[in-house]
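The following note was prepared for a colleague at the bench. It takes one loop residue as its starting point and then turns to the surrounding architecture.

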Amino acid sequence: MQRFDPGVELLFRQFGSESLAAALPLGAMNVYYRDFRYLLPFGIQLWLFASPVAYPVSEIAPKLRPWYALINPVVGPLEGFRRVLAVGTTPDWGLLAISATSGAVLLLLGYRWFKSLERDFADVV
């Protein structure tokens, strides 16, 4: 049985941590604002169109790509998956590093915000 390329495992880990960075604050918001769950599908759909799912990052101007990865941390892993699985090349390590950095910052901020709201969850529910 053939194992995955180590780069693919790294992409899965990075994508998972960035998903967690989005899920923590959204979960906390859902506890406090019950109607927030109706807004989530719309927000996720907007995030889908803002991410390079249906188009490659090469469609973005080269000087704007680092800013694009900084603002949207899933750009690096999604482009990495496209390059590794569809094109057969290595991921863009610079784009992955920028995405990992912004994702780590968002994960830290999301975790701190979740923990600050968590102590009142039982009172709200």
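Where in the chain does T90 lie? The points below begin with that question and concern a predicted model.

1. Position of T90. T90 is found in the loop that joins α4 and α5. Its relative accessible area is 49%, so T90 is classed as partly exposed, the class between buried (under 20%) and exposed (over 50%). Once neighbours within four places in sequence are set aside, the contacts of T90 are R83 and V84. The C-alpha atom of T90 is 28 Å from that of L46, a residue 44 positions away along the chain.

2. The end of α4. G88, placed just after α4, adopts a positive phi of about 85°. Within α4 itself, the buried residues are V75, G76, P77, L78, E79, G80, F81 and V84. V84 is thus a buried residue of α4 and also a contact of the loop residue T90.

3. Packing of α4 against α5. Two packed helices are described by the angle between their axes and the distance between them. For α4 (residues 75-87) and α5 (residues 93-118), the axes approach within 7 Å and cross at roughly 150°. On the α4 side the contact involves V75, G76, P77 and E79, and on the α5 side L95, L96 and S99. By character, these residues comprise four nonpolar, two polar and one charged.

4. S99 as a contact residue. S99 belongs to helix α5. With a relative accessibility of 0%, S99 is counted as buried because the value is under 20%. Apart from neighbours within four places in sequence, S99 touches Q14, E18, A69, N72, P73, V75, G76 and P77. Among these partners, V75, G76 and P77 also appear on the α4 side of the contact with α5.

5. The nonpolar core. In soluble globular proteins, nonpolar side chains tend to be buried together. Here the largest nonpolar core consists of six residues, namely L24, A28, V31, F114, L117 and F121. Two or more of its residues come from each of α1 (6-32) and α5. The greatest contribution is that of α1, which supplies three residues.

6. F114 and the aromatic residues. Which residues does F114 contact beyond its neighbours within four places in sequence? They are L24, A28 and F121. Three aromatic pairs are found in the whole structure. In one of them, F114 and F121 meet edge-to-face, with 5.4 Å from centre to centre and 80° between the planes. Both of these phenylalanines are buried. Together with Y32, F114 and F121 make up one aromatic cluster.

7. The chain as a whole. The chain contains six helices and zero strands, and its order along the sequence reads α-α-α-α-α-α. Its C-alpha atoms occupy a box of roughly 50 × 35 × 25 Å along the principal axes. Of the 125 residues, 31% are counted as buried. Among contacts with a separation of 6 or more, 65% link residues 24 or more positions apart. The accessible surface amounts to about 8500 Å², and carbon and sulfur atoms account for 67% of this area.

Notes. Residues are numbered from 1 along each chain as its sequence is written. This is a predicted model: local features need pLDDT of at least 70, side-chain atom pairs count only at pLDDT 80 or more; totals for chains, interfaces and linings use all residues. Side-chain values use heavy atoms; hydrogens and water are left out. Axes are lines fitted to C-alpha atoms, for helices over the stretch in contact, and angles run from 0 to 180 degrees between N-to-C directions. Helices (H or I, at least four residues) and strands (E, at least two) are DSSP runs, numbered from the N terminus. Contact means heavy atoms within 4.5 Å. Ala, Val, Leu, Ile, Met, Phe, Trp, Tyr, Cys and Pro count as nonpolar, Asp, Glu, Lys and Arg as charged, and the others, Gly among them, as polar. Rings of Phe, Tyr and Trp (its six-membered ring) pair if their centres lie within 6.5 Å; planes under 30 degrees apart count as stacked, over 60 as edge-to-face and the rest as tilted. Buried means under 20% relative accessible area, exposed over 50%, partly exposed in between (1.4 Å probe, protein chains only). A nonpolar core is a set of buried Ala, Val, Leu, Ile, Met, Phe, Trp, Tyr and Cys residues joined through side-chain atoms within 4.5 Å. Accessible areas come from the Shrake-Rupley method with a 1.4 Å probe; for residues, only the protein chains shown count as cover.
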